[in-house]
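Open the model in a viewer with side chains available for display. The tour below goes from one selection to the next and says what is found at each stop.

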Amino acid sequence: MGRYVILSATDHWDYLFYIPMVAWAWNRLSWNVVCFFRGNRSRQIEPFLDRDRCSVHLLSEESRYRPATIAQVSRLFAGCLPFSGADVLMTSDADMMPLSDYWRPRADEITCYGHDLTGHREYPICYIAMNADRWREIIQVAPGQNVMSAIHETLDKRADASSADFESYWFTDQRLITERLAGVPVRSIERGRDGGLARGRVDRARWWRTSRLEGAIDAHLPKEPLLAKNRERFAALIKSRFSSLPDWYEDFVKTCTPWR
């Protein structure tokens, strides 16, 4: 049984930039990573991915839906890939870095972490875990099925995916998985809150305070302009949790925007 974290990104640097670091962190915690990319810039970060432990899947540019919608939803369709049925697949975000070995889902259960953070209204994409066979059953796909075709077949039946309203289209992925899990037994791991933020989370909303948090579980990483101003703090956070930076870190920040 393998363990795989499913990430995705478009060409938007707020998300694409972090994938090498986030994938590296997951690899350090004994999780393999699958990255779905929607765009052309992925080649700039691919040299900094461990290709033995981080597989890259490019999504077709031909779609009537927003690139962000395709990328977000693609994580739910990882069951189209040739995983063993017992492999555990867990969804996460490109800008959410793990900082501890907190996630221990069982292959015979569906596990959701942080359902309480949405007031139990929706299952948050960070984090939902189950084995590949259950994902295929829930999302109604088969191994070897074309990912983009499966996505379009599903989104064509939904109004939110093509809505002009941000609050509608941006959460299509969470609504979809919440609907599919209705009535299905789910093991819910409550996260709790601390000052309005997820307990144990280094959060971009209060980066200067929470980046010093002891025993942090994960980090919601900053966007521009905060990102460019926090290179040293970001590096310090990584070293405090993993003892060192990746060997390629300095080349990475010199090569990839927005720190180039």
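A disulfide is counted here when two cysteine sulfur atoms lie within 2.5 Å of each other. Keep that cut-off in mind for the first stop; note also that the model is a predicted one.

**Stop 1: the cysteines**

Select C112 and C126. The closest cysteine sulfur to that of C112 belongs to C126 and is 10 Å away, which is too far for a bond. C126 is likewise in no disulfide, with the sulfur of C112 as its nearest cysteine sulfur. The count of disulfides therefore comes to zero under the 2.5 Å cut-off. Both side chains are hidden from the surface view: C112 is buried at 1% relative accessible area, and C126 is buried at 8%.

**Stop 2: the whole chain**

Zoom out and show the protein chain as a cartoon. Its secondary structure consists of eleven helices and twelve strands. Along the principal axes, the C-alpha atoms fill a box of roughly 45 × 40 × 40 Å. The radius of gyration is 18 Å, in agreement with the value near 18 Å that a compact globule of 260 residues would have.

Switch to a surface. About 11,400 Å² of the protein chain is exposed, and carbon and sulfur atoms supply 47% of that area. Of the 260 residues, 58% count as buried. If contacts are drawn between residues at least 6 apart in sequence, 69% of them join residues at least 24 apart.

**Stop 3: the nonpolar cores**

Hide the surface and select M21, W26, M90 and M97. These are the residues with the most contacts inside the largest nonpolar core, which has 52 residues. Colour helix α2, residues 19–28: this helix gives the most to the core, with seven residues. In soluble globular proteins, nonpolar side chains tend to be buried together.

Now centre on M90. Which residues does M90 touch, leaving out those up to four places away in sequence? They are Y4, V5, I6, W26, W31, W103, Y113, Y127, I128 and A129. W26, another of the residues with the most contacts inside the core, is thus in the list of M90 contacts.

Next select F36, F83, V147 and M148. These are among the 34 residues of another core, which lies apart from the largest one.

**Stop 4: helix α4**

Select residues 67–74, which make up helix α4. Six of its eight residues are buried, so the helix is largely enclosed by the rest of the structure. The buried ones are T69, I70, A71, Q72, V73 and S74. To see what covers them, add strands β1 (3–10) and β2 (32–38) to the display, then helices α6 (147–155), α7 (166–169) and α8 (172–180); the cover includes these five elements.

**Stop 5: the salt bridges**

The model has 17 salt bridges. Three pairs are worth displaying in turn.

- Select R106 and D108. Their closest N and O atoms are 2.8 Å apart in a salt bridge. R106 is partly exposed, with a relative accessible area of 44%, while D108 counts as exposed at 53%.
- Select R187 and E109. Their side chains meet in a salt bridge with an N to O distance of 3.7 Å. R187 lies in strand β8 (residues 187–189) and E109 in the loop between β5 (96–98) and β6 (111–113), so the pair ties together parts that are 78 residues apart in sequence. Both partners are partly exposed: R187 has 34% relative accessibility, and E109 has 24%.
- Select D160 and R158. This salt bridge has an N to O distance of 2.9 Å. Are its two residues buried or exposed? Both D160 and R158 are buried. Extend the selection to E122, R175 and E179: salt bridges that share partners join these three with R158 and D160 into one network.

**Stop 6: H115**

Finish at H115, in the loop between β6 and β7 (128–131). H115 counts as buried, at 11% relative accessibility. Leaving out residues up to four places away in sequence, H115 touches H120, R121, E122, Y123, P124, S188, I189 and E190. One of these contacts, E122, also belongs to the salt-bridge network from the previous stop.

Key
Residues are numbered from 1 along each chain as its sequence is written. This is a predicted model: local features need pLDDT of at least 70, side-chain atom pairs count only at pLDDT 80 or more; totals for chains, interfaces and linings use all residues. Side-chain values use heavy atoms; hydrogens and water are left out. A nonpolar core is a set of buried Ala, Val, Leu, Ile, Met, Phe, Trp, Tyr and Cys residues joined through side-chain atoms within 4.5 Å. Buried means under 20% relative accessible area, exposed over 50%, partly exposed in between (1.4 Å probe, protein chains only). Helices (H or I, at least four residues) and strands (E, at least two) are DSSP runs, numbered from the N terminus. Contact means heavy atoms within 4.5 Å. The radius of gyration is taken over C-alpha atoms; the globule rule is 2.2 Å times the number of residues to the power 0.38. Accessible areas come from the Shrake-Rupley method with a 1.4 Å probe; for residues, only the protein chains shown count as cover. A salt bridge is a side-chain nitrogen of Lys or Arg within 4 Å of a carboxyl oxygen of Asp or Glu.
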